[in-house]
Amino acid sequence: ELLPELGGAIGALQHDGRDVLRPAPVAARDPLETSCFPLVPYANRIAHGRLEFGGHEHRLPLNFGNHPHSLHGLGWQAAWTVAEAGTDHAMLVHEHDGGAGWPWAYRAEQRFVLAAGEMRVELSLTNAGDTPMPAGLGLHPYFPCDADTRLTFEAARVWLADETMLPTEPAAAAQFGDWNAGASVAGTSLIDHAFAGWHGTARIEQRWGGFEVRAEGSTVLHIYRPPGADFFCAEPVGHLPDAINRGGMDVQQPGETRALTMRLRL
């Protein structure tokens, strides 16, 4: 189920009657209630909504309540257009004209493809302006979680964070669990951290079986696990939080397109 008008989000993904992604409630009004939404033209946080690029300072809206930083880009709070739809595929489009504090025009596309035991999301971003722009991509899937849910992946390090969840210093990737061996994602403490040097593959084990998350165009896996929640997020993203202010954001030339793909495979 897709919700184009609600940030181009996924509303549900099931296999054999079981939820692979956390389903959105009926008549959901907030992308944060959905199964997955796109992060474009940047992922995670930009500190205080301020950035410098091309010799100019730009201010973005603080778009997440009383949180002090801008969060997740523009696409998740915009309506997307259905460009294609079929029984096993769809394409959604979001076009930005250079307003809302992000002065670079772009076109974003999400292509969804279903195959036997697999769902693929291809997110792309094209610089539609005539000057270079900073650019980043990510996807924000929500997975059901209970006491038996386990997550396995390999990464080089995890970035510790301050009280507003901006990165502060690197630490061993096992800081919050032995992910190499497979660790429970149930817990009573917050995880909202970026794991850098990710190999692009993660495995999720549920009571009913397991599946893989495979990503292309991503070297960071951002894990979000609220204390005691019945869901967690394992987000393939292209850069660290606040990368644009820390020298880690890519630059996209006029007409250039970049992409990030996520596969969920049983």
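**Exercise 1. Explain why strand β11 counts as largely enclosed, then place it between its partners.**

Step 1. Count the buried residues. Six of the eight residues of β11 are buried, so the strand is largely enclosed by the rest of the structure. Buried means under 20% relative accessible area, exposed means over 50%, and partly exposed lies in between (1.4 Å probe, protein chains only). Strands (E, at least two residues) are DSSP runs, numbered from the N terminus.

Step 2. Know the model. This is a predicted model, in which local features need pLDDT of at least 70 and side-chain atom pairs count only at pLDDT 80 or more, while totals for chains, interfaces and linings use all residues. Residues are numbered from 1 along each chain as its sequence is written, and side-chain values use heavy atoms, with hydrogens and water left out.

Step 3. Take the β10 side. β10 and β11 (residues 89–96) pair in the antiparallel sense over four bridges. Two strands pair if DSSP finds at least two bridges between them. A hairpin of three residues joins β10 to β11. Ala 85 stands opposite Ala 90 in β11. Val 82 has Leu 92 of β11 as its bridge partner.

Step 4. Take the β12 side. Eight bridges join β11 to β12 (residues 106–115), and the two run antiparallel. Here Ala 90 has Phe 112 of β12 as its bridge partner.

**Exercise 2. Trace the sheet and find its edges.**

Step 1. Write the order. Nine strands form an open sheet, β10-β11-β12-β13-β26-β22-β21-β16-β19, with antiparallel pairing.

Step 2. Find the ends. β10 (81–85) and β19 (183–184) each have a single partner strand, so one side of each is left without a neighbour in the sheet.

Step 3. Check an inner pair. β21 (residues 201–206) and β22 (residues 209–216) pair in the antiparallel sense over six bridges. Glu 205 is bridged to Gly 210 in β22.

Step 4. Recall the general pattern. In a regular strand, side chains alternate between the two faces of the sheet.

**Exercise 3. Describe the aromatic cluster around Phe 37 and Trp 76.**

Step 1. Start with the total. The whole structure holds 13 aromatic pairs. Rings of Phe, Tyr and Trp (its six-membered ring) pair if their centres lie within 6.5 Å; planes under 30 degrees apart are stacked, over 60 edge-to-face, and the rest tilted.

Step 2. Classify one pair. Phe 37 and Trp 76 are stacked, at 5.4 Å centre to centre with 25° between the planes. Phe 37 is in strand β5 (residues 36–39), while Trp 76 is in the loop between β9 (70–71) and β10, 39 residues apart. Both residues are buried.

Step 3. Extend the network. Ring pairs link Phe 37, Trp 76, Tyr 142, Tyr 224 and Phe 231 into a cluster.

Step 4. Add the charge. The charged end of Arg 22 sits over the ring of Tyr 142, 3.9 Å from its centre. Arg 22 also lies over the face of Phe 231, at 4.7 Å from the ring centre. The criterion is NZ of Lys or CZ of Arg within 6 Å of the ring centre and within 35 degrees of the ring normal.

**Exercise 4. Identify the nonpolar cores.**

Step 1. Apply the definition. A nonpolar core is a set of buried Ala, Val, Leu, Ile, Met, Phe, Trp, Tyr and Cys residues joined through side-chain atoms within 4.5 Å.

Step 2. Take the largest. It has 57 residues, and those with the most contacts inside it are Trp 102, Phe 143, Leu 151, Phe 153 and Leu 264. Strand β13 (residues 118–127) gives the most to this core, with four residues.

Step 3. Take the second. This separate core of eleven residues includes Phe 37, Trp 76, Val 220 and Val 237.

**Exercise 5. Decide whether the cysteines are bonded or free of disulfides.**

Step 1. Search the structure. It has zero disulfides. A disulfide is a pair of cysteine sulfur atoms within 2.5 Å.

Step 2. Check Cys 36. Its nearest cysteine sulfur, that of Cys 233, is 8.9 Å away. Cys 36 is buried, at 2% relative accessibility.

Step 3. Check Cys 145. Its sulfur is 10 Å from the closest cysteine sulfur, in Cys 233, too far for a bond. Cys 145 is buried, with a relative accessible area of 9%.
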